[in-house]
Amino acid sequence: MASKPVLYSYFFSSCAWRVRIALALKGIDYEYRAVNILKDEQHSDKFRAINPSCQVPCLEIDGVKLTQSLAIIEYLEETRPKPALLPVDPKERAVVRQISEVIASGIQPNQKRSVIQADGQRGHDVVDKGLRTLETFSKTAGKYCVGDVVTMADICLVPQVYNGISRFGVDLSQFSTIQRIYKALMELDAFQISHPTKQPDCPEDFNPFADPIIKK
Ligand SMILES: N[C@@H](CCC(=O)N[C@@H](CS)C(=O)NCC(=O)O)C(=O)O
C-alpha cells in the first residue's frame, strides 16, 4: 500500500498554504510535519537533509520529494487530475499561470521575511503594487480569478492576500475584484481547513494581525 504523503509546512507560510489548499481541493490525505521558520528550523541539519534548499513547502509523495509550490501543484494536477485546477482552454490556462507567476515570482519573493527583515513598509508596498497589477486582470475574472471554477490562480491569490492584510496592513478595499474573489474563496471548505490558524503548529495565542517579527 502506498504510504501517506508527508507535507513539510509552516502554518504562516503562504507557499505552504498554496499546497495545503491544492491537497484539500483534491481530497488528498497527508501527514503534516511542521518546520518552524521563526526558530530557523528550515536550516537545521535534519531539514536540510530533507530539502537542501531549506524552504517549505516540501511534499513527499509517490516516492519522490517535491519542492516549489507551483511545481508541486502541477504534479498533483497531472497525477490526480480531478477536480481540475487548470482550465482546458490553453488561453485560460495561460492566464491562470500568469496570475500564479505574478504572485509566486513577482510578489512573494520580494516580501518574504528574510528579504525585508524588519521593514514592514517595504513589504506593504510590494504586496500593494502586486495586487494593483492583479486587479487589472479582472477582465477575465468570473466568480473566481479565471472564470467560475477554482484554479491554481485562486490557490496563489488567497495566501498572498491574507499575508498582505495580516502582516503589512494592505487595504484590500482598493481592489474591488480581488476583494470579491477573496471573500468568495474563503467561503470554500478547502480554503478554510488549510487556513494558517487551523494548522497544528499555529500557536494558541497567535494574532494574525500582529506579525511576530514586523512591528508596525
Ligand atoms: N518559490 C518557493 C518559495 C518558498 C519559500 O519562500 N518558502 C518560505 C516560506 S513562504 C520559506 O521557507 N522561508 C524560509 C527561508 O527562506 O529561510 C515556493 O513557491 O515554494
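Buried, in this tour, means under 20% relative accessible area, and exposed means over 50%, with partly exposed in between. The model is predicted.

**Stop 1: the cysteines**

Select Cys202. Its relative accessible area is 15%, so Cys202 counts as buried. Its sulfur is 18 Å from the closest cysteine sulfur, which belongs to Cys15, and that is too far for a bond. A disulfide would need two cysteine sulfur atoms within 2.5 Å. The count of disulfides comes to zero. Cys15 is in none either: the nearest cysteine sulfur to that of Cys15 is in Cys156, 8.7 Å away. Cys15 is also buried, at a relative accessible area of 11%.

**Stop 2: helix H1**

From Cys15, extend the selection to helix H1, residues 14-25. H1 has twelve residues and reaches 17 Å from its first C-alpha to its last, close to the 16 Å expected at 1.5 Å a residue. Ten of the twelve residues are buried, so H1 is largely enclosed by the rest of the structure. Among the buried residues are Trp17, Arg18 and Arg20, along with Val19, Ile21 and Leu23.

Now look at the two ends of the helix. At the start of H1, a side-chain oxygen of Ser13 comes to within 3.3 Å of the backbone nitrogen of Cys15. Just after H1, Gly27 has a positive phi of about 65°.

**Stop 3: the ligand**

Select the ligand and the residues around it. Which residues are the closest? Of the 14 residues that surround the ligand, the closest are Gln42, Val56, Gln68, Ser69 and Lys112.

Three polar approaches can be shown as distances. A polar backbone atom of Val56 is 2.8 Å from a nitrogen atom of the ligand. From Lys112, a polar side-chain atom lies 3.0 Å from an oxygen atom of the ligand. From Gln55, a polar side-chain atom lies 3.4 Å from an oxygen atom of the ligand. On its own the ligand has 510 Å² of accessible area, and the protein covers 86% of this.

**Stop 4: Gln42**

Keep the ligand in view and select Gln42. Gln42 sits in the loop between strand E2 (31-34) and helix H2 (45-50). With a relative accessible area of 10%, Gln42 is buried. Apart from neighbours within four places in sequence, Gln42 is in contact with Val35, Asn36, Ile37, Phe47, Arg48 and Cys54.

**Stop 5: backbone geometry**

Go back to Val56 and display the backbone. The peptide bond from Val56 to Pro57 is cis, with omega near 5°. Pro57 is placed in the loop between H2 and strand E3 (58-61). Next, select Lys82 and Pro83, which are also joined by a cis peptide bond, with omega about -10°. Pro83 lies in the loop between helix H3 (69-79) and helix H4 (90-111).

Then turn to phi. Which sign does the phi of Asp62 have, positive or negative? The value is positive, near 55°, in a residue other than glycine. Asp62 belongs to the loop between E3 and strand E4 (64-67). At 44% relative accessible area, Asp62 is partly exposed. Gln68, listed above among the residues closest to the ligand, is not a glycine yet has a positive phi of about 70°. Gln68 is found in the loop between E4 and H3.

**Stop 6: helix H7**

Select residues 152-168, helix H7. The 17 residues of H7 should span 24 Å at 1.5 Å a residue, and the end C-alpha atoms are 24 Å apart, which agrees. How many residues of H7 are buried? The number is 16 of the 17, so H7 is largely enclosed by the rest of the structure. Just after H7, Gly169 takes a positive phi of about 65°.

**Stop 7: Gln174**

Continue along the chain to Gln174, in the loop between H7 and helix H8 (176-185). Is Gln174 buried or partly exposed? Its relative accessibility is 37%, so Gln174 counts as partly exposed. Leaving aside neighbours within four places in sequence, the contacts of Gln174 are Asp128 and Arg132. The side chains of Gln174 and Asp128 are joined by a polar contact of 3.0 Å. To finish, select Glu135: this residue is 39 residues from Gln174 along the chain, and the two C-alpha atoms are separated by 9.4 Å.

Definitions and conventions
Residues are numbered from 1 along each chain as its sequence is written. This is a predicted model: local features need pLDDT of at least 70, side-chain atom pairs count only at pLDDT 80 or more; totals for chains, interfaces and linings use all residues. Side-chain values use heavy atoms; hydrogens and water are left out. Helices (H or I, at least four residues) and strands (E, at least two) are DSSP runs, numbered from the N terminus. Buried means under 20% relative accessible area, exposed over 50%, partly exposed in between (1.4 Å probe, protein chains only). Contact means heavy atoms within 4.5 Å. A polar contact is a pair of N or O atoms within 3.5 Å; within protein, one must be able to donate a hydrogen and the other to accept it, and residues adjacent in sequence count only if both atoms are side-chain atoms. The expected span of a helix is 1.5 Å times one less than its number of residues. A residue is near a molecule or strand if one of its heavy atoms lies within 4 Å of it. Accessible areas come from the Shrake-Rupley method with a 1.4 Å probe; for residues, only the protein chains shown count as cover.
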